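Student: I have a structure open and would like to learn how to read its features one by one. Could you walk me through it?

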Amino acid sequence: MVLGSPVTELGLLLAGVGLLYAGAELLVAGARDLALAIGLKASTVGVTVVAFATTAPELFVAILGALTVSTDIGLGAIVGSNVANVGLVLGIAALIRPLEVSGTVFRRDVPFMILAALLLVGLGWNGRIGPLEGGVLLAALVAFTAVVLRGVQRTQAGISAAERDGMPDAEARDVAAVIGGIAALVVGSRWLIDGGRDLLAAAGFSDLFIGLTVLAVGTSLPELAASVVAAVRGEASFSVGNVVGSNIYNVLAVIGLLAFVSPIDVSPGVRAFEFPTLLAFTLLVVGLMYRGDRLTRVDGAILVAAYVSFVYLLLP
């Protein structure tokens, strides 16, 4: 096998996706068990700990891509990942089993998901997201974290002594899973960037297209895995919370940090198509949630069809 051949690059891409998935599984499992040990509920775990953990692939891919390739990779990966989270992840999860939307998630977290999308579009509309804009995004992240922590404090205050005695204890293996998961994410994101970019670049695709499709879907696999498993187990609030939280962290944390590492140039094409698409998917899923406080299988089919249409329109 010749180094740099399409077969090699495809193997590297697939190995990167596999390692990202394995790393995210370790990270999610360890972080979830640690969170449950301190009394967090499933919906809160989904929108905070697991959402933040499953955002790690986007963080690594976006920052490594910006440092080694271009900021188009990072921006494309985040916009594409958020669209994939809504259209693909929630769509498939809802097709498996209708998803009830937690009132807490809808009232507390969904507004921040909308705010994150609006901030990204608004701050990037002048063609550049620099340190100042990144600071605004990180400030919004701090506000979101403060709101969530207040909710966690209220929840923990209502836990009785008997309930605390029944909680699982945090174990060393959970900490090891978190550390091992992060290590796998670092290596996996590197392989995914190298394999995916070289393979599609050789076929004539742009960095932005690569970020919006292959890298976005690859980094959304942890959310997909976590949400599908939760849907199968009937833990709908976990599935919805995971996606809502991930979309918040993707923009506020990842783009916020990326803007400090390497200012992002936003092309006219992104402002004309990708940004409106992100807003459209965000408002679509919020409308579907609001209509019936749940996502039905029909809603899931609508979301998946919308995502397939999005990818089709990206094709050159």
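**Reading salt bridges, cores and rings**

Tutor: Gladly! Let us begin with one residue: at 57% relative accessibility, arginine 291 counts as exposed. Keep in mind that this is a predicted model.

Student: Which aspartate does the side chain of arginine 291 meet in a salt bridge?

Tutor: The general idea is that side chains of opposite charge can pair when their charged atoms come close. Here the partner of arginine 291 is aspartate 299, at 2.4 Å from N to O. Aspartate 299 is buried, because its relative accessible area is 1% and buried means under 20%. Arginine 291, in contrast, is exposed at 57%.

Student: How many salt bridges does the count come to?

Tutor: The count is 4 salt bridges. One of them joins the side chains of aspartate 109 and arginine 108, with 2.8 Å from N to O. Aspartate 109 is buried, at 0% relative accessibility, and arginine 108 is buried as well, with a relative accessible area of 14%.

Student: And what does arginine 128 pair with in a salt bridge?

Tutor: Its side chain meets that of aspartate 265, at 3.0 Å from N to O. This pair links distant parts of the chain: aspartate 265 is in strand β3 (residues 264-265) and arginine 128 in strand β2 (residues 128-129), 137 residues apart. Aspartate 265 is partly exposed at 44% relative accessibility, and arginine 128 is partly exposed too, at 42%.

Student: Now the interior, please. Which residues touch the most other members of the largest nonpolar core?

Tutor: In soluble globular proteins, nonpolar side chains tend to be buried together. In this model the largest nonpolar core has 65 residues, and those touching the most other members are Leu90, Leu252, Ile255, Val285 and Met289. Several helices give two or more residues to this core, including α3 (71-96), α9 (236-261) and α10 (268-292). Helix α9 provides the largest share, 12 residues.

Student: What does valine 285 touch?

Tutor: Leaving aside residues up to four places away in sequence, valine 285 touches Val86, Leu90, Met113, Leu295 and Leu303. Apart from the largest core there is another core, of 14 residues, and Leu27, Ala53, Val178 and Leu185 are among them.

Student: Which residues make a nonpolar patch on the surface?

Tutor: Ile182, Val186, Val187 and Trp191 make a patch of about 290 Å². Tryptophan 191 is found in helix α7 (residues 172-202). Tryptophan 191 counts as partly exposed because its relative accessibility is 33%, between the 20% and 50% cut-offs.

Student: Last topic: how many aromatic pairs does the structure hold?

Tutor: A pair of aromatic rings is described by the distance of the centres and the angle of the planes. The structure holds 6 aromatic pairs. In one of them, phenylalanine 273 and phenylalanine 310 are stacked, with 6.1 Å centre to centre and 15° between the planes. This pair also links distant parts of the chain, with phenylalanine 273 in helix α10 and phenylalanine 310 in helix α11, 37 residues apart.

Student: Is phenylalanine 310 buried or exposed?

Tutor: Phenylalanine 310 counts as buried, at 3% relative accessibility, whereas phenylalanine 273 is partly exposed, with a relative accessible area of 27%. To see the wider setting, look at Phe273, Phe281, Tyr307 and Phe310 together: these residues form one aromatic cluster.

Note on methods. Residues are numbered from 1 along each chain as its sequence is written. This is a predicted model: local features need pLDDT of at least 70, side-chain atom pairs count only at pLDDT 80 or more; totals for chains, interfaces and linings use all residues. Side-chain values use heavy atoms; hydrogens and water are left out. Patches are made of residues with over 30% relative accessible area and no salt bridge: like charges are joined within 9 Å, nonpolar side chains (Val, Leu, Ile, Met, Phe, Trp, Tyr) within 5 Å. Accessible areas come from the Shrake-Rupley method with a 1.4 Å probe; for residues, only the protein chains shown count as cover. Helices (H or I, at least four residues) and strands (E, at least two) are DSSP runs, numbered from the N terminus. Buried means under 20% relative accessible area, exposed over 50%, partly exposed in between (1.4 Å probe, protein chains only). A nonpolar core is a set of buried Ala, Val, Leu, Ile, Met, Phe, Trp, Tyr and Cys residues joined through side-chain atoms within 4.5 Å. Contact means heavy atoms within 4.5 Å. Rings of Phe, Tyr and Trp (its six-membered ring) pair if their centres lie within 6.5 Å; planes under 30 degrees apart count as stacked, over 60 as edge-to-face and the rest as tilted.
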